[in-house]
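Here is a briefing on the fold of one protein chain. Keep the structure open as you read.

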Amino acid sequence: MCLSNDTVRQIVTDALREKIREKPDAKYWSVSQNDNYDYCKCPRCAAADLRYGSPAGTLLGFVNKIAASFPDKTISTLAYQYTRQAPRGIKPAKNVSVCLCSIECNRGESIEDGCADFARDVRAWSALTNHLMIWDYVVQFRSYVSPFPNWHTLQPNLQFFRQHGVNMVFEQGSGRDRSEFSDMRAYLLAKLMWNPQANMDSILTDFGDGYYGPARPAIWAYIHRLTEAVLNGDRQLTIYNIPQNEPFLDSAGMDVLNRELGQLLRTHRDDSVFINRMMGAYTPVLFARMERSKTDSTQLVAMLKWPTAQLDRNLRAFTEGCARAGIRNLHEGGYAPGQYRLDYLAYIENMRLADGVANGKRPTDHPGLHHLCQRRPERAHQQAHRRNRLPLQLAGVPGHRPPGHCDGRGERAGFNDTGFLSAGSAVVGLLSRESGV
Ligand SMILES: [Zn+2]
């Protein structure tokens with residue numbers, strides 16, 4: 001959308017006036033960019049971007065003019081991704097609120113220590129407006145139930161925002177879905193947002209004693225071990241990662257929780273409230289282990305030899321734990337634990353197939369393949385790709401070349417020639433035309 005075009009601005013102003021007429025009492029109205037990088041680069045917009053030193057200036061020029069038509073309303077706009085950097089030579093109008101988003105930040109350190117460019121943006125926007133809101137992110141969005149030891153950053157970040165005049169904060173977690181320690185995380189954040197100087201240890205101990213009871217020491221030890229592993233590591237902790245890429249998940253803390261919680265679960269097996277709460281803490285450990293097993297060569301080779309029933313018993317322990325803990329989706333795009341179980345089984349089937357091919361078996365000998373390839377390939381691919389947001393990988397069969405028009409990206413692959421299978425950590429395309437599979 002061209003932000004330099006007066007007709008476009010008039011259309012947006014008229015549409016907003018119509019919306020406000022439907023809800024006249026609402027104070028805040030959002031006029032924001034889309035959630036992508038496809039902004040206008042026409043000569044006028046590009047020149048304005050250059051003049052302001054950031055596309056945020058061009059956006060702000062557009063939003064300020066719209067806000068002038070609604071002086072009794074506050075117009076909110078995002079400073080997000082390509083508009084995150086504050087502009088020069090323009091300020092938000094008095095009734096414009098800027099919502100600055102921290103989506104790219106490293107969560108292993110406080111923003112001030114680990115995300116210098118975002119800290120710079122907070123300071124710069126703070127110098128331009130008194131209406132600065134932060135949209136922050138506090139859970140692992142790629143895998144809601146993956147362990148995410150960012151506890152040590154939550155309070156320093158809120159204190160930093162406050163020091164720089166931020167008067168509104170949106171701490172985005174998993175919303176109506178559950179995620180790792182989502183109850184405790186929400187409780188702590190609610191308390192800290194009222195008072196960023198509050199004693200965090202007291203808040204957590206109060207919650208932990210009341211909610212986890214006898215399991216609190218084991219849970220504390222687990223969180224501290226994972227946090228130490230993050231602090232001692234050299235990798236960033238981001239909100240879109242997978243357990244296979246998280247070195248801190250090698251931590252002995254995983255074993256501590258597994259061992260001690262296992263004992264507590266047996267001791268308190270008749271206390272259903274306790275068991276349900278513990279499953280909220282325990283399922284992330286199971287999830288991380290299962291995910292890491294898929295790419296750990298030793299564990300994967302062992303799993304390929306298991307009877308499917310044994311593998312499925314472990315998967316069902318995870319899905320039943322999710323059910324008890326109220327975990328309905330494994331990531332923000334929606335991914336039910338039951339579907340995860342099926343995809344995991346299919347992934348192992350694929351690996352057995354690949355293992356068999358490598359050892360001289362014909363792919364068509366594999367009992368799982370025929371059924372999987374009967375799915376409508378383009379639909380299976382689109383669903384898997386959308387749900388998992390995973391890169392497409394093409395699994396070739398030795399001795400056969402991919403079709404000439406297939407470049408390895410799903411968008412251009414020949415769907416009629418390719419059967420796509422969802423495999424949990426990747427979308428695997430099995431070549432069909434030239435391989436004869
Ligand atoms: Zn333009």
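Two strands count as paired if DSSP finds at least two bridges between them. By that rule E2 and E3 pair, since five bridges join them, and they run parallel. The model is predicted. It has 16 helices and eight strands. Buried residues make up 37% of the chain's 437 residues. Of the contacts between residues at least 6 apart in sequence, 71% join residues at least 24 apart.

**The parallel sheet**

- Five strands form an open sheet. Their order is E1-E2-E3-E4-E5, and the pairing is parallel.
- Which strands stand at the edges? They are E1 (28-30) and E5 (168-172). Each has a single partner strand, so one side of each is left without a neighbour in the sheet.
- Neighbouring strands of the sheet are turned against each other by 25° on average, direction ignored.
- Strands of a sheet pair through backbone hydrogen bonds, either parallel or antiparallel.

**Strand by strand**

- E1 pairs with E2 (residues 74-79) over three bridges, in the parallel sense. Tyr28 stands opposite Thr74 of E2.
- E2 continues the sheet to E3 through five bridges. Here Ile75 stands opposite Val96 of E3.
- E3 (residues 96-101) is mostly covered, with five of its six residues buried.
- E3 also pairs with E4 (residues 132-137), over four bridges and again in the parallel sense. Val98 has Leu132 of E4 as its bridge partner.

**The nonpolar core**

- The largest nonpolar core holds 82 residues. Val63, Ala79, Leu100 and Leu261 have the most contacts inside it.
- Which helix gives the most to this core? H11 (residues 272-295) does, with eight residues.
- Leu100 touches Ala79, another of the residues with the most core contacts. Leu100 also touches Arg84, Asp121, Val122, Trp125, Leu132, Ile134 and Trp135. That list leaves out residues up to four places away in sequence.
- Leu132 thus appears twice: Leu100 touches Leu132, and Leu132 is the bridge partner of Val98.

**H11 against H12**

- Two packed helices are described by the angle between their axes and the distance between the axes.
- H11 and H12 (residues 297-305) pack at an angle of about 95°, with their axes 6 Å apart. That angle makes H11 roughly perpendicular to H12.
- H11 makes the contact with Ser293, Lys294 and Thr295. H12 makes it with Gln299, Leu300 and Met303.
- The residues of this contact divide into two nonpolar, three polar and one charged.

**Helix H6 and its cover**

- H6 spans residues 151-163. Its buried residues are Thr153, Leu154, Gln155, Asn157, Leu158, Phe160 and Phe161.
- What covers these buried residues? The cover includes helices H4 (111-114), H5 (116-128), H7 (182-194) and H8 (200-211). It also includes strands E4 and E5.
- Gly165 follows H6 and has a positive phi, near 75°.

**Positive phi in residues other than glycine**

- Gln81 is not a glycine, yet its phi is positive, about 55°. Gln81 lies in the loop between E2 and E3.
- Is Gln81 buried or exposed? Gln81 counts as partly exposed, because it has 15 C-beta neighbours inside 10 Å.
- Phe181 also has a positive phi, near 50°, and is a residue other than glycine. Phe181 is found in the loop between E5 and H7.
- Phe181 is buried, because 23 other C-beta atoms lie within 10 Å. The cut-off for buried is 20 or more.

**Phe141, a loop residue with distant partners**

- Phe141 sits in the loop between E4 and H6. Phe141 counts as buried, because it has 22 C-beta neighbours inside 10 Å.
- Where along the chain are its contacts? Leaving aside neighbours within four places in sequence, Phe141 is in contact with Ile239, Tyr240, His331 and Glu332.
- Phe141 and His331 are 190 residues apart along the chain. Their C-alpha atoms are separated by 5.8 Å.

Terms used: Residues numbered from 1 in each chain as written. Predicted model: local features only at pLDDT ≥ 70, side-chain atom pairs only at ≥ 80, totals over all residues. Core = buried A, V, L, I, M, F, W, Y, C linked by C-beta atoms within 7 Å. Buried ≥ 20, exposed ≤ 12 C-beta atoms within 10 Å, placed from the backbone. Helix = DSSP H or I, 4+ residues; strand = E, 2+ residues; numbered from the N terminus. Contact = placed C-beta atoms within 7 Å. Axes fitted to C-alpha atoms, helices over the stretch in contact; angles between N-to-C directions. Parallel < 35°, antiparallel > 145°, perpendicular 65-115°, else oblique. Nonpolar A, V, L, I, M, F, W, Y, C, P; charged D, E, K, R; others polar.
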